[in-house]
Amino acid sequence: MSTPHIELWQAEWCPSSRRVRQRLTELGLSFIAHQVPADREQRLELQRISTPARIPVIRVDGQTVAEADQILAFLDANFPEPAGAAAHRAKLNEKESEFCASCAAAAAEPAGAAVGA
């Protein structure tokens, strides 16, 4: 099986884009990430390949798929899950728990507590 050429139009702040990036990582697939402007009207490159110009959008060997749920279904239908996928999911869950605990601790500090400490 040849290595697929995968491009992903996405934004780091977009939860749906994150889900797709995570699945690509779990599947061990390399991809080119295209950052898109936050303002939909400025997404000219994306408008050329997908209507509406909402993220995420993926192109795999010339085939374009839009919307996270459709992208995830496409990936699952076309790429077998490797043995390491579960380890990636477990690490994500571990790191998310650590991050949430850090955020909760920071939120519990009185305002300005770290300043001048």
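This passage walks through the overall build of the protein and then its nonpolar cores.

The structure is a predicted model. Its secondary structure comprises four helices and four strands, and, starting at the N terminus, these elements follow the order β-α-β-α-β-β-α-α. For a chain of 117 residues the globule rule gives 13 Å, whereas the radius of gyration is 18 Å, well over that value, so the protein is more spread out than a compact globule. Along the principal axes, the C-alpha atoms occupy a box of roughly 55 × 40 × 20 Å.

Turning to the interior, buried residues account for 31% of the 117 residues. The largest nonpolar core contains 15 residues, and the members with the most contacts inside it are Val20, Leu24, Leu29, Ile58, Leu75 and Phe79. At least two residues of this core come from each of β1 (6–10), α1 (15–26), β3 (57–60) and α3 (68–78). The most generous contributor is α3, with five residues. A closer look at Ile58 is helpful here: leaving aside residues up to four places away in sequence, Ile58 touches Ile6, Glu7, Leu8, Leu24, Gln63, Thr64, Val65, Ile71 and Leu75. There is also a second, separate core of eight residues, among them Trp9, Cys14, Val36 and Leu46.

Contacts across the whole chain can be viewed in a similar way. Of those between residues at least 6 apart in sequence, 59% link residues at least 24 apart.

As for the surface, the protein exposes about 7400 Å², with 55% of this area supplied by carbon and sulfur atoms. The protein carries 12 positive and 15 negative charges, and the mean positions of the two sets lie 2 Å apart.

Note on methods
Residues numbered from 1 in each chain as written. Predicted model: local features only at pLDDT ≥ 70, side-chain atom pairs only at ≥ 80, totals over all residues. Heavy atoms only, no water. Core = buried A, V, L, I, M, F, W, Y, C linked by side-chain atoms within 4.5 Å. Buried < 20%, exposed > 50% of the residue type's maximum accessible area, 1.4 Å probe, protein only. Contact = heavy atoms within 4.5 Å. Rg over C-alpha atoms; globule rule 2.2 N^0.38 Å. Areas by Shrake-Rupley, 256 points an atom, 1.4 Å probe, with all protein chains shown as cover. Lys, Arg positive; Asp, Glu negative; His and termini not counted. Charge placed at Lys NZ, Arg CZ, Asp CG, Glu CD.
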